[in-house]
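Let's take a walk through the hollows of this protein and the strands around them. Keep the 3D view open as you read.

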Amino acid sequence: MVINQKKCVACGNCVAICPMGAIYVDPNANRAKINDDACVECGTCYRGMSTENLNPSMVRGIRKVAKFLRFRFEPEPDVCPTGSFEMNELEMPRLIRQIFSDPVVEHNSTGIKGRGTEEVKTNDVSRRVDVGEVGYTIEFGRPGVGVRFSDIQEMTHTLAIEGVTFESNNPITHLMTDKTRGDLRGDILNEKILSAIVEIKTNIVQVERVLEIVEKVTERIDTVTAVGISTRCEDGEDNVLGPLLDKLGYYYSRAKTNMGLGRITNKISFTEAKAVAR
Ligand code: SF4
Ligand code: SF4
């Protein structure tokens, strides 16, 4: 994202719009600028403000006179009066910021916008998590903190040592060069994004250890995490995971329940697929 310096009149309206706090008004240049390292290319500043396309020289002139006469000439707070934001053409590795942060951009790897995964929201038809398995979503960077891929890799590395299975239909997994080690592409490690979700699967015995790892790694990385954990209910009830979380002392609430009313497109279940593979 760029701010056209010829157009900007330094009204400061855009500063509060940026979820990463990447926009500031440079008092020396008297223009708004973007901290490129902090910007995640989410497009909020570009799409989230109305534009008036006023003549910048005229606005600057009026603002100068207004300042001299000790009154203010300010645009409405949700308006960039001169339409100064411009989306620039991005290339990898910077492009990865936009792919993960701009909600209107689709992930090529999964065909889904935003964070690029349906998670277990469609589990009744996708069967990502089958009977006897436990699925996890580990979400990074929300709200308003962001995350670098190096910090995500710190988590995936540590989880890989524990022998977890990374969900194949997930954009972070697609960026892995070695799934057994949790390695991500080297060129993107310093890139920052608004948020991302790592999806893994284990058996029930590993739950305690996985949650412990997520807590420990979160303490040493520069972001925030939130964990979703899921299982398939038998006879409409979860008789295994819930009681285990209770025993381990975790507070949880049932966030989403799939009713199993969808049309099953994945005819062969994960358990059956594993049996066939054997
Ligand atoms: S693209 Fe997003 S992160 Fe970058 S300056 Fe605009 S609002 Fe901030
Ligand atoms: S809202 Fe537009 S004119 Fe005002 S500071 Fe931001 S970029 Fe400049």
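The report below goes from the enclosed cavities and their ligands to a hairpin, the largest pocket and a sheet.

**Cavities and their ligands**

Please keep in mind that this is a predicted model. How many cavities of 30 Å³ or more does it hold? The count comes to two. The largest cavity has about 100 Å³ of space, and C18, C39, V40, C42 and C45 are the closest to its centre among the 14 residues that line it. For the second largest cavity the space is about 80 Å³. Its lining consists of 15 residues, with C8, C11, C14, C80 and S84 nearest the centre.

Both spaces can be matched to a ligand. Ligand 1 sits in the largest cavity, while ligand 2 takes up the space of the second largest cavity.

If you want to select the surroundings of ligand 1 in your viewer, pick M1, C18, P19, I23, I34, C39, V40, E41, C42, G43, T44 and C45. Around ligand 2 there are 14 residues, and the closest of them are C8, C11, G12, C14 and C80.

What kinds of residues make up these surroundings? The shell of ligand 1 has nine nonpolar, two polar and one charged residues. In the shell of ligand 2 there are 10 nonpolar and four polar residues, and no charged ones. The table sets out the linings by class, with the largest pocket added.

| Space | Volume | Nonpolar residues | Polar residues | Charged residues |
|---|---|---|---|---|
| Largest cavity | about 100 Å³ | 11 | two | one |
| Second largest cavity | about 80 Å³ | 11 | four | no charged |
| Largest pocket | about 1300 Å³ | 19 | 14 | 14 |

**A hairpin beside ligand 1**

I23 and I34 both belong to the residues around ligand 1. Strand 2 covers residues 23-26 and strand 3 covers residues 31-34, and the two run antiparallel, joined by four bridges. Within this pair, Y24 stands opposite K33 of strand 3. Together, strand 2 and strand 3 form a hairpin with four residues between them. One residue to look at in the turn is N30, which has a positive phi of about 55 degrees.

**The largest pocket**

Now for the open space. The largest pocket contains about 1300 Å³, and 47 residues line it. Which of them lie nearest its centre? They are V120, G228, I229, S230 and K256.

Several elements each supply at least two residues to this lining: helix 4 (123-126), helix 7 (207-220) and helix 8 (241-248), together with strand 7 (133-140), strand 9 (165-166), strand 13 (196-203) and strand 14 (225-230). Of these, strand 14 gives the most, with six residues.

**The sheet at the pocket**

The four strands just named also form an open sheet, in the order 9-13-7-14 with antiparallel pairing. Strand 9 and strand 14 are at its edges with a single partner strand each, so one side of each has no neighbour in the sheet. In general, the strands of a sheet pair through backbone hydrogen bonds.

Strand 14 meets strand 7 in antiparallel fashion, and six bridges join the two. To find this pairing on screen, look for I138, which stands opposite V227 in strand 14. Strand 14 is thus a good place to finish: an edge strand of the sheet and the element that gives the most to the lining of the largest pocket.

Key:
Residues are numbered from 1 along each chain as its sequence is written. Chains are lettered from A and ligands numbered from 1 in the order in which they are written. This is a predicted model: local features need pLDDT of at least 70, side-chain atom pairs count only at pLDDT 80 or more; totals for chains, interfaces and linings use all residues. Side-chain values use heavy atoms; hydrogens and water are left out. A residue is near a molecule or strand if one of its heavy atoms lies within 4 Å of it. On a 1 Å grid over the protein atoms alone, a cavity is a set of points where a 1.4 Å probe fits but cannot get out, and a pocket is an open set with protein on both sides within 12 Å along at least five of seven lines; lining residues have an atom within 4 Å of a point. A molecule sits in a cavity or pocket if more than half of its atoms lie within 2 Å of its grid points. Ala, Val, Leu, Ile, Met, Phe, Trp, Tyr, Cys and Pro count as nonpolar, Asp, Glu, Lys and Arg as charged, and the others, Gly among them, as polar. Grid points are joined across faces, edges and corners, and a volume is the space filled by probe spheres set on the points. Two strands pair if DSSP finds at least two bridges between them.
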